[in-house]
Amino acid sequence: MPDYAEAYHNVAIALLSERRYAEAVQNCQKAVSLKLDYAEVYNTMGFAFEKQQRYAEAIESYKQAVRLKPDFAEAYNHLGVILNELGRPSEAIESHRLALQADPEYAEVYNNLGIALKDREQFAEAIWNFEQALRLDPDFAEAHYNLANSLRDQGRCAEALAGYK
């Protein structure tokens, strides 16, 4: 393959779809060796590390992606998800809020922010975020489910039941 960073990135994306995560990381590393400021590759590499449960490397890759591209909503979102999964909801919430500053129409981020808020028992704000996700994407099944669970947790069972349907 020629020394072309975009080609290595495209190969990495293809390898991810085949669940060949270690090879995807190798291709990402080759891409960034050719183009140091390639934020999208760091995001892809973070995802590949995450799939291998190499969480510290995933976090650093996502952070490098947003250092290079401060308005990179997708990378902030991925970072927020992994931080929340690692029991760091305050950092996750901050990362999701930065994603929404970059892209206020990103339904998935509202859902993920809602999850992090729910984990901190901030139910009213979590519910609001799930509702925003559904405003942007009315067919977003996971947001419907998360909203219904949050409503149920608040004793709003009739509303929750409607959300499960």
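**Figure 1. Glu-18, Arg-20 and Glu-23 form a network of salt bridges.** In this close-up of the predicted model, we start with a group of three residues. Glu-18, Arg-20 and Glu-23 are linked to one another through a network of salt bridges. As a general reminder, side chains of opposite charge can pair when their charged atoms come close. Across the whole structure there are twelve salt bridges, and the next three views show some of them.

**Figure 2. Arg-54 and Glu-57 meet in a salt bridge.** Here the two side chains come together with an N to O distance of 2.7 Å. Have a look at the surroundings too: Arg-54 has a relative accessibility of 30%, so this residue counts as partly exposed. Its partner Glu-57 is also partly exposed, with a relative accessible area of 33%.

**Figure 3. Glu-60 pairs with Arg-67 in a salt bridge.** The closest N and O atoms of this pair are 2.3 Å apart. Arg-67 counts as partly exposed, at 49% relative accessibility; the cut-off for exposed is over 50%, so Arg-67 stays in the partly exposed class. For Glu-60 the relative accessible area is 41%, which again means partly exposed.

**Figure 4. A salt bridge joins Asp-153 and Lys-118.** The side chains meet at 3.0 Å, N to O. Asp-153 belongs to helix H9 (residues 141-153) and Lys-118 to helix H7 (residues 107-119), so this pair ties together parts that lie 35 residues apart in sequence. Asp-153 is partly exposed, with a relative accessible area of 35%. Lys-118 has a relative accessibility of 22%; buried would require under 20%, so Lys-118 is classed as partly exposed.

**Figure 5. Stepping back, the chain has ten helices and zero strands.** This last view places the close-ups in their setting. Following the sequence, you will read the pattern α-α-α-α-α-α-α-α-α-α. The C-alpha trace spans about 60 × 30 × 25 Å along its principal axes. Of the 165 residues, 46% count as buried. Among contacts with a separation of 6 or more, 43% come from residues 24 or more positions apart. The chain exposes about 8,600 Å², with carbon and sulfur atoms supplying 49% of that area. To round off the theme of charge, there are 17 positive and 26 negative side chains, and the centres of these two sets lie 3 Å apart.

Conventions
Residues are numbered from 1 along each chain as its sequence is written. This is a predicted model: local features need pLDDT of at least 70, side-chain atom pairs count only at pLDDT 80 or more; totals for chains, interfaces and linings use all residues. Side-chain values use heavy atoms; hydrogens and water are left out. A salt bridge is a side-chain nitrogen of Lys or Arg within 4 Å of a carboxyl oxygen of Asp or Glu. Buried means under 20% relative accessible area, exposed over 50%, partly exposed in between (1.4 Å probe, protein chains only). Helices (H or I, at least four residues) and strands (E, at least two) are DSSP runs, numbered from the N terminus. Contact means heavy atoms within 4.5 Å. Accessible areas come from the Shrake-Rupley method with a 1.4 Å probe; for residues, only the protein chains shown count as cover. Lys and Arg count as positive and Asp and Glu as negative; His and the chain ends are not counted. The place of a charge is taken as NZ of Lys, CZ of Arg, CG of Asp or CD of Glu.
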